Amino acid sequence: MSVTVNTVGETRRSAVLPWIGTAVRLGLAAVWLLAGASKVGDLAASGRAVAAYEVMPYDVAKIVGAALPFVEITLGVLLLLGVATRLAAAVSAALLVVFVAGITSAWVRGLTIDCGCFGTGGQLPAGQTPSYGPELLRDLGFLALAGFLLVRPHTRISVDAMGAPRPEEEQ
Amino acid sequence: MSSRAGQKRAAKVVRQQMARERRRQRTLWTSVLAVAALVIAGMIGWGVFASQRADEYHAPAGATADGSGIAVGTGPVTVDIYEDFLCPACRQFETQVGPVLDQLVADGRIRVVHHPVAYLDRASTTGYSSRASAAAGCAADGGRYGEYSSALFERQPAEGGAGLSTDELIRIGGGVGLDEDTFGTCIRDGRFRSWTEHVTDLASERGIRGTPTVFVDGQPVQNSADAIRAAIDATGR
């Protein structure tokens, strides 16, 4: 085996990256847990927040609104424990893409709603302007976290890593 | 090249392959479990929501036939008002437009249907919107909806706090001429809580996204006195 100068740098990279991954994973877990917890207390309001986007009939929005907080909390728990991290990251990314699309379409159609991302939601009182820009930037930031985990799902202190040989030791 | 070294290498390859296969199996099964957990969580959410909604409701006296609100007045033009007792814009609406509507009711021109929705339960620590709306149902049952509603808006608590206590809700009722015993029992028993849910659900279904929202003869109208008066005049009645 030939040792090149490059391997030293790569070894350091592979030592640090899983720890960065842990931070990213816990950060995204916190996002989902907070988002879910803020909605779970009033599922009817969550349904109204979904309906406010006017992209689906109220009866469907009602179901989506009731299910969403529970799915968000479950995603948060999966990421917190580091169970099926790549899958959880993929579902997170998919959800966030839907949220970004929803907010963008609300913006384009000129609706005046609160995104309902962390509780509240629905129509804004007259005279209040929506803050779609910051909401979108925030969601894109979360999407970046999910993207990181999708590419590098192997993180330290996770159930995924327990009892399984580290992937880098195999090659 | 010794054959022993070759055997060792072969054994290592086999071990690696087996380890890889185990890892693949593990990933597969955790993924299946995770997907199942997400699906089940979603179904639990729907189940919890469905079980929270009462099938039956008991509407107070003065309620419309569909139980969606409390009717005041008998004029030919119907004005629907969707409001939440915790919503500051509703309080503003009540102080500015309320007297105009009262006059129109007194003149026999309109019938006002108040829909006290509970949209802002999360904006207080005690679900004040629901509690106030159910209390207003009790007031309607005692024949004092308008008076009680005005008094509640006058004493509207700030968003984010605990709202008015049950005792305060009862005392305010006494202040507008309701019998505090009957009224108090009605509130404490939660007699109209399921009605509040019914009112809120019907409003959500109708597409009411915020409060206050006003309709004149079924048509959405801006919530200003001028706009409402113009819409009433336009009906020609």
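In the predicted model, strand S4 (residues 213–216) of chain B is joined by 3 bridges to strand S5 (residues 219–221) of chain B, and these two strands run antiparallel. Within this pairing, Phe215(B) stands opposite Pro220(B) of S5(B). The hairpin formed by S4(B) and S5(B) has 2 residues between the strands, and Asp217(B) takes a positive phi near 50 degrees there. S4(B) is also paired with strand S2 (residues 77–83) of chain B, to which it is joined by 4 bridges in an antiparallel arrangement. In that second pairing, Val79(B) is the residue that stands opposite Val216(B) of S4(B).

Elsewhere in chain B, helix H5 (residues 166–175) and helix H6 (residues 180–188) have axes that come within 9 Å and cross at roughly 145 degrees, and the crossing of H5(B) past H6(B) is right-handed. On the side of H5(B), the contact is made by Thr166(B), Leu169(B), Ile170(B), Gly173(B) and Gly174(B), while H6(B) contributes Glu180(B), Phe183(B), Gly184(B), Ile187(B) and Arg188(B). Grouped by class, the residues in this contact comprise 4 nonpolar, 4 polar and 2 charged.

Turning to chain A, the model contains 6 helices and 2 strands, which follow the order α-α-α-α-β-β-α-α from the N terminus on. Of the 171 residues in chain A, 42% are buried. Among the contacts in chain A with a separation of 6 or more, 72% are accounted for by residues that lie 24 or more positions apart.

A helix pair in chain A is formed by helix H4 (residues 85–108) and helix H5 (residues 132–151), whose axes come within 8 Å and cross at roughly 160 degrees. Because of this angle, H4(A) is roughly antiparallel to H5(A), the cut-off for that description being an angle over 145 degrees. The crossing of H4(A) past H5(A) is left-handed, and the contact between these helices has, by class, 18 nonpolar, 4 polar and 3 charged residues.

Between the two chains, 37 residues of chain A are in contact with 29 residues of chain B. The side of chain A that touches chain B draws at least two residues from each of helix H2 (43–51), helix H3 (58–81), H4 and strand S2 (122–123) of chain A, and H3(A) provides the largest share, with 11 residues. By class, this side of chain A has 26 nonpolar, 7 polar and 4 charged residues.

A residue of chain B that reaches across to chain A is Leu38(B), which is found in helix H1 (residues 3–52) of chain B. When residues up to four places away in sequence are not counted, Leu38(B) touches Val71(A), Thr74(A), Leu75(A) and Val91(A). Leu38(B) counts as buried because it has 21 C-beta neighbours inside 10 Å, where 20 or more are required for that class. Leu38(B) lies 10 residues from Val48(B) in sequence, and the distance between these two residues in space is 15 Å, C-alpha to C-alpha.

Key:
Residues numbered from 1 in each chain as written. Chains lettered and ligands numbered in written order. Predicted model: local features only at pLDDT ≥ 70, side-chain atom pairs only at ≥ 80, totals over all residues. Pairing = 2+ DSSP bridges. Buried ≥ 20, exposed ≤ 12 C-beta atoms within 10 Å, placed from the backbone. Contact = placed C-beta atoms within 7 Å. Axes fitted to C-alpha atoms, helices over the stretch in contact; angles between N-to-C directions. Parallel < 35°, antiparallel > 145°, perpendicular 65-115°, else oblique. Left-handed = near helix turned anticlockwise from the far one by under 90°. Nonpolar A, V, L, I, M, F, W, Y, C, P; charged D, E, K, R; others polar.
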